[in-house]
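Here are a few friendly notes to read alongside the model. Take them in order, and keep the view open as you go.

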Amino acid sequence: MKDFQDKVAVITGGASGFGREFANIGARLGMKLVLADVQQDALDKTRAELEAQGAQVLALRCDVRKGEQVQALADAAMDRFGAVHLVFNNAGVGSGGLVWENSVADWEWVLGVNLWGVIHGVRIFTPLMLECAKREAGYQGHIVNTASMAGLLNAPNMGIYNVSKHAVVALSETLYQDLKLIKAPVGASVLCPYFVPTGISQSHRNRPDDVRPEGGPTASQVAAQAVSEKAVSSGKVTAAQVAERTFDAIRNEQFYIYSHPHALGNVQTRMEDILLQRNPSDPFAAAPQVREMLQAKMNVK
């Protein structure tokens, strides 16, 4: 996909972080924008800013855990703009802690947003885009699923997040191959950012009541939150830079998109562990102070 003028982009998690930056670039390129988010005030603010730039914007509150709400988003996009060309399945939340300490509510929330949100986006928008292609001469489309470097690695005390993002990578790779198999005029990419200053470390602010934990956080969950906040806030690569790289990848039909290519050394080590049947390597080999910090906060002797 190389021509963005007057094309329609759907962006979940569109009111902040990567989603907001995707929308800013889309507006600059002359795209029509469909934004979805669960945070109404941020959604209203982002819509107003984009409209002030001259963009045509449809903004809807949408909980991507709910298939019927994603379907309503697709229906509204078609009613307003008549087609969809670019989909960012981008909504995501963060959570951590020792994997056995995550509650059912934790799993339902994180998998609901991070994985089921992408599943709903793929199963609803892909056939819709293929139908659009039948009606529009020269149609070009693209789907970008936001995963994480956590979808290629398995850091401790992040199990629930790792599981969700590994699944998104697997889904995205399969989507890419399925689209190639049927020679569809729709491409696919997976975005695997590392630590980038976004609001994900504070995603619990929007945690719905139906998946709120009954008790307080465990020591490991408190430790995971602290490490996440420090790592995310200290990131040097911005969400805007990642969004630019993402649009470049769409133009170049590039599947894997990274915010921090230098972190791929850890991915290579993991792949070698698998191929050589080694036990998983120490994830803190290059930064033992992070392990020490975690252990101190968890009171590990």
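**Notes on a predicted model**

1. Let's start with one residue: asparagine 162 has a relative accessible area of 4%, so it counts as buried, the limit being under 20%. Please keep in mind throughout that this is a predicted model. Asparagine 162 sits in helix H5. Which residues does asparagine 162 contact, leaving aside its neighbours within four places in sequence? They are Ala150, Leu153, Asn154 and Ala155.

2. Helix H5 covers residues 159-181, and together with S5 and S6 it makes a right-handed β-α-β unit. S5 and strand S6 (residues 186-192) pair in the parallel sense, over six bridges. If you would like one pair to look for, asparagine 145 has valine 190 of S6 as its bridge partner.

3. Now turn to S4. Strand S4 (residues 86-89) also pairs with S5 in the parallel sense, this time over four bridges. Here phenylalanine 88 has valine 144 in S5 as its bridge partner. Helix H4 (residues 104-135) joins S4 and S5 in a right-handed β-α-β unit.

4. Is strand S5 largely enclosed or open? Six of the six residues of S5 (residues 141-146) are buried, so the strand is largely enclosed by the rest of the structure. In a regular strand, side chains alternate between the two faces of the sheet. In S5, Gly141, Ile143 and Asn145 point one way, while His142, Val144 and Thr146 point the other way, and all are buried.

5. The second largest pocket is worth a visit, with a volume of about 260 Å³. Its lining has 15 residues, and the closest to the pocket centre are Ala184, Pro185, Val186, Gly187 and Glu253. S5, H5 and S6 each supply at least two residues of this lining. By type, the lining of the second largest pocket divides into eight nonpolar, four polar and three charged residues.

6. Finally, two backbone angles deserve a look. Most residues other than glycine have a negative phi. Lysine 183, which is not a glycine, has a positive phi of about 55 degrees. Lysine 183 lies in the loop between H5 and S6, and its relative accessibility of 74% makes it exposed. Aspartate 6 also has a positive phi, near 65 degrees. Aspartate 6 is placed in the segment before strand S1 (8-12), and at 45% relative accessibility it counts as partly exposed.

Technical notes: Residues numbered from 1 in each chain as written. Predicted model: local features only at pLDDT ≥ 70, side-chain atom pairs only at ≥ 80, totals over all residues. Heavy atoms only, no water. Buried < 20%, exposed > 50% of the residue type's maximum accessible area, 1.4 Å probe, protein only. Pairing = 2+ DSSP bridges. Right-handed = clockwise from strand over helix to strand, strands pointing away. Contact = heavy atoms within 4.5 Å. 1 Å grid on protein atoms, 1.4 Å probe; cavity = no way out; pocket = protein on both sides within 12 Å on 5 of 7 lines; lining within 4 Å. Points joined across faces, edges and corners; volume = space filled by probe spheres on them. Nonpolar A, V, L, I, M, F, W, Y, C, P; charged D, E, K, R; others polar.
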